[in-house]
Amino acid sequence: MFNPRRLSLARKRRRLTAKALAEQAGLAVDTISRLENGSNPPDEATVAKLVRVLKFPEPFFFDQDPEDIDTGAVSFRSFSKMSARERDAAISAGSLGLQLSVWVDQRFSLPKPNLLDLSYETDPEAAAHSMRQFWGIGEKPIGNLMGLLEINGVRLFSLSENTASVNAFSFWRDDKPYVFLNNFKTAESSIFDAAHELGHLVMHKHGDPKETRSAEREANGFASAFLMPVNDVKARVPRRVTIDVLLKAKMRWRVSAMAMAYRLNTLSLLSEWQYKSLCIELGKRGYRSSEPVGVERETSAIWRKVLGQLWSEKTTKNDIAADLHLPLDELEGLIWNLAGVDQRPHGGGGGLRTVMT
């Protein structure tokens, strides 16, 4: 039977209002409303019109209910800057990501979640230190945060939203942690966003992370402390911090120049005057909106191995998309820039494999 919830998901994914969808499909607005309410099933001609506009395969609309996401438990980075339409589109991407995750779990054995529950902790510095101790990584810089998260059971997906308003979001589902990252941003921003979402996952596991502004501050503080441990920073940064010292430091800890300057200021290694002066100079050099000299973008070892194994068995992206009844662009969007492998076409395959970093 036609699934009204899948129509609503596809419409939101394409960022269309019911009115806009009706106009583009040549249907009445109340027809779309009735279809999404499940009041009456559409005829073949109506389904064809919806498929044409939404560009989702016809079988998608006849699948079982999509994976639900508890929107109250989703942590959105820069949530206040998002429009309702952007938020709905991102949540819909999350639902499709869960569908892909189930598909992968049926074929591969992925690392199990290995995160602390730090919901009792109110000090981001202490929480970051506890997480580092738990993972046994000491005070050293993290060379590959994405790999560290994956080997500890965090399920990573990308967001194909080319907008500055949607940075990242995370949530727990069936005791598994999920993080969706916007990879249109700089490599440094994506790394910080991933650490920020890790902060939400461990510090706000049992509550609504959007209830207070303090939750965002805590996640930011966690990310800063987790990526730039206080003892390592104080041991490595000289007493006189110049612009060159700052730019060298940001490469060591793989963060943006602005994030590095902010961390040094919070640790009292930069006075307020020095901090403002360096920020002005960084702005002149283009570091306020980008990273003229940046670090290499991280890629996913899990997705690389999963896709590599599937491709060796002649299972293509097209095969996966067809099996999930998803448009190819949606599948690619979920793993956009994550796999870091050549996406060569092949053809079929199966079996259960163990994938470890």
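The exercises below, each with a worked solution, deal with helix packing, enclosed cavities and strand pairing in a predicted model.

**Exercise 1. Helix packing**

Determine how helix 6 is oriented relative to helix 8, and which residues make the contact between them.

*Solution.* Two packed helices are described by the angle between their axes and by the distance between those axes. Begin with both quantities for this pair: the axes of helix 6 (residues 124-135) and helix 8 (residues 187-203) come within 11 Å and cross at roughly 90 degrees. Angles of 65 to 115 degrees count as roughly perpendicular, and therefore helix 6 is roughly perpendicular to helix 8. Next, identify the residues on each side: helix 6 contributes Pro124, Ala127, Met131 and Trp135, while helix 8 contributes Leu198, Val202 and Met203. Finally, sort the contact by class, which gives seven nonpolar residues, no polar residues and no charged residues.

**Exercise 2. Cavities**

Find how many cavities of 30 Å³ or more the structure holds, and describe the lining of the largest cavity and of the second largest cavity.

*Solution.* Rolling a probe the size of a water molecule over the atoms shows where empty space is left. A search of the whole structure returns three cavities of 30 Å³ or more.

Take the largest cavity to start with, whose volume is about 140 Å³. It is lined by 13 residues, of which Leu110, Arg155, Leu156, Ile302 and Trp303 are the closest to its centre. At least two lining residues come from each of helix 5 (84-105), strand 3 (155-159) and helix 14 (301-312). By class, this lining has nine nonpolar, two polar and two charged residues.

Then turn to the second largest cavity, which encloses about 70 Å³ of space. Its lining includes Met146, Leu149, Leu156, Asn183, Arg297 and Glu298. Two or more lining residues are given by helix 7 (145-151) and by helix 8, and helix 8 gives the most, with four residues. Sorted by class, the lining of the second largest cavity has seven nonpolar, two polar and two charged residues.

**Exercise 3. Strand pairing**

Establish in which sense strand 4 pairs with strand 1 and with strand 5, and locate the turn residue that has a positive phi.

*Solution.* Consider strand 1 (residues 75-76) beforehand: two bridges join it to strand 4 (residues 168-173), and the two strands run antiparallel. Within this pairing, Phe76 has Phe169 of strand 4 as its bridge partner. Strand 4 also pairs in the antiparallel sense with strand 5 (residues 176-182), over six bridges, and here Ser170 is partnered by Val179 in strand 5. Lastly, examine the connection, where strands 4 and 5 form a hairpin with two residues between them, and where Asp174 in the turn has a positive phi of about 55 degrees.

Key: Residues are numbered from 1 along each chain as its sequence is written. This is a predicted model: local features need pLDDT of at least 70, side-chain atom pairs count only at pLDDT 80 or more; totals for chains, interfaces and linings use all residues. Side-chain values use heavy atoms; hydrogens and water are left out. Axes are lines fitted to C-alpha atoms, for helices over the stretch in contact, and angles run from 0 to 180 degrees between N-to-C directions. Angles under 35 degrees count as roughly parallel, over 145 as roughly antiparallel, 65 to 115 as roughly perpendicular and the rest as oblique. Contact means heavy atoms within 4.5 Å. Ala, Val, Leu, Ile, Met, Phe, Trp, Tyr, Cys and Pro count as nonpolar, Asp, Glu, Lys and Arg as charged, and the others, Gly among them, as polar. On a 1 Å grid over the protein atoms alone, a cavity is a set of points where a 1.4 Å probe fits but cannot get out, and a pocket is an open set with protein on both sides within 12 Å along at least five of seven lines; lining residues have an atom within 4 Å of a point. Grid points are joined across faces, edges and corners, and a volume is the space filled by probe spheres set on the points. Two strands pair if DSSP finds at least two bridges between them.
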